[in-house]
Amino acid sequence: MERGRVAELCRRMVSGEVVWGEEPNEVVNLMYVEDVMEELRRVVCEGGRPDEGKCVVPRFYTRVWGEVVNLVGSFKNRMEAGGEVELKDDFERKLYATFLSYCDGSKDVN
């Protein structure tokens, strides 16, 4: 996930600050930090990807920013209501893990 932007969104949501939907139609490419670290490990330990001649993070997620804002808001709302947070795919699991890292206490991410 794009560290600065997603992290700031999660921090603001958790702390109850106003979150503006700036650029809600902007298309963003997001990477999860663990995916970036896995690629770095591969480069250092295995010498990269010789068939491609370059290193890339193979897993990234293209989304519309407004969708990301709405998802994080829904995580907060469901948690406050004591409901289950239903995660549909890998992107939502990773976004939820990022959100939880800004919450007090810990919740298990399935």
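Exposed, here, means over 50% relative accessible area, buried means under 20%, and partly exposed covers what lies in between. Keep those cut-offs at hand for the tour. The model on screen is predicted.

**Start: the whole chain**

Show the protein as a cartoon. Four helices and two strands appear. Trace the elements from the N terminus: the order is α-β-α-β-α-α. Now colour by accessibility. Of the 110 residues in the protein, 35% are buried.

**Stop 1: Val 33 and the nonpolar patch**

Select Val 33. The residue sits in helix 2, which spans residues 33-46. Is Val 33 buried or exposed? Its relative accessibility is 53%, so Val 33 counts as exposed, because the cut-off for that class is over 50%.

Add Met 37, Leu 40 and Val 44 to the selection. Together with Val 33, they make a nonpolar surface patch of about 400 Å². Switch on the surface to see the patch.

Keep Val 33 and add Thr 98. In sequence, 65 residues separate Val 33 from Thr 98. In space, their C-alpha atoms are 9.5 Å apart.

**Stop 2: helix 1 and its salt bridges**

The structure holds 11 salt bridges. Side chains of opposite charge can pair when their charged atoms come close. Several pairs are worth a look.

Select Arg 5 and Glu 26. Their side chains meet in a salt bridge, with N to O at 2.8 Å. This pair links distant parts of the chain, 21 residues apart. Arg 5 belongs to helix 1 (residues 3-15), while Glu 26 lies in the loop between helix 1 and strand 1 (27-30). Glu 26 has a relative accessible area of 30%, so it is partly exposed.

Next, select Arg 11 and Glu 17. They form a salt bridge too, and the closest N and O atoms are 2.8 Å apart. Check the cover on each partner. Arg 11 is partly exposed, at a relative accessible area of 32%. Glu 17 is also partly exposed, at 36%.

Now widen the selection to Glu 8 and Arg 12. Which residues are linked in a network of salt bridges here? The members are Glu 8, Arg 11, Arg 12 and Glu 17.

Stay on Arg 12. This residue has its place in helix 1. A relative accessibility of 29% makes Arg 12 partly exposed. Add Tyr 102 and draw a distance between the C-alpha atoms. The separation is 9.2 Å, although the two residues lie 90 residues apart along the chain.

**Stop 3: Arg 63 and Glu 67**

Select Arg 63 and Glu 67. They are joined by a salt bridge, with the closest N and O atoms 3.6 Å apart. Compare the accessibility of the two. Arg 63 has a relative accessible area of 18%, so it is buried. Glu 67 comes out at 35% and therefore counts as partly exposed.

**Stop 4: helices 3 and 4**

Select residues 65-80 for helix 3 and residues 90-100 for helix 4. Their axes come within 10 Å and cross at roughly 60 degrees. That angle makes helix 3 oblique to helix 4. Which hand does the crossing of helix 3 and helix 4 have? The crossing is right-handed.

Pick Gly 73, placed in helix 3. Its relative accessible area is 12%, so Gly 73 is buried. Then add Val 19. Along the chain, Gly 73 and Val 19 are 54 residues apart, and their C-alpha atoms are separated by 9.3 Å.

Move to Asp 90, in helix 4. With a relative accessible area of 32%, Asp 90 is partly exposed. Add Tyr 61. From Asp 90 to Tyr 61 the C-alpha distance is 9.5 Å, and the two are 29 residues apart in sequence.

**Last look**

Return to the full cartoon and keep three selections on. One is the patch of Val 33, Met 37, Leu 40 and Val 44. Another is the salt-bridge network of Glu 8, Arg 11, Arg 12 and Glu 17. The third is the right-handed crossing of helix 3 and helix 4.

Methods:
Residues numbered from 1 in each chain as written. Predicted model: local features only at pLDDT ≥ 70, side-chain atom pairs only at ≥ 80, totals over all residues. Heavy atoms only, no water. Patch = residues over 30% accessible without salt bridge, like charges linked within 9 Å, V, L, I, M, F, W, Y side chains within 5 Å. Areas by Shrake-Rupley, 256 points an atom, 1.4 Å probe, with all protein chains shown as cover. Salt bridge = Lys/Arg side-chain N within 4 Å of Asp/Glu carboxyl O. Buried < 20%, exposed > 50% of the residue type's maximum accessible area, 1.4 Å probe, protein only. Axes fitted to C-alpha atoms, helices over the stretch in contact; angles between N-to-C directions. Parallel < 35°, antiparallel > 145°, perpendicular 65-115°, else oblique. Left-handed = near helix turned anticlockwise from the far one by under 90°.
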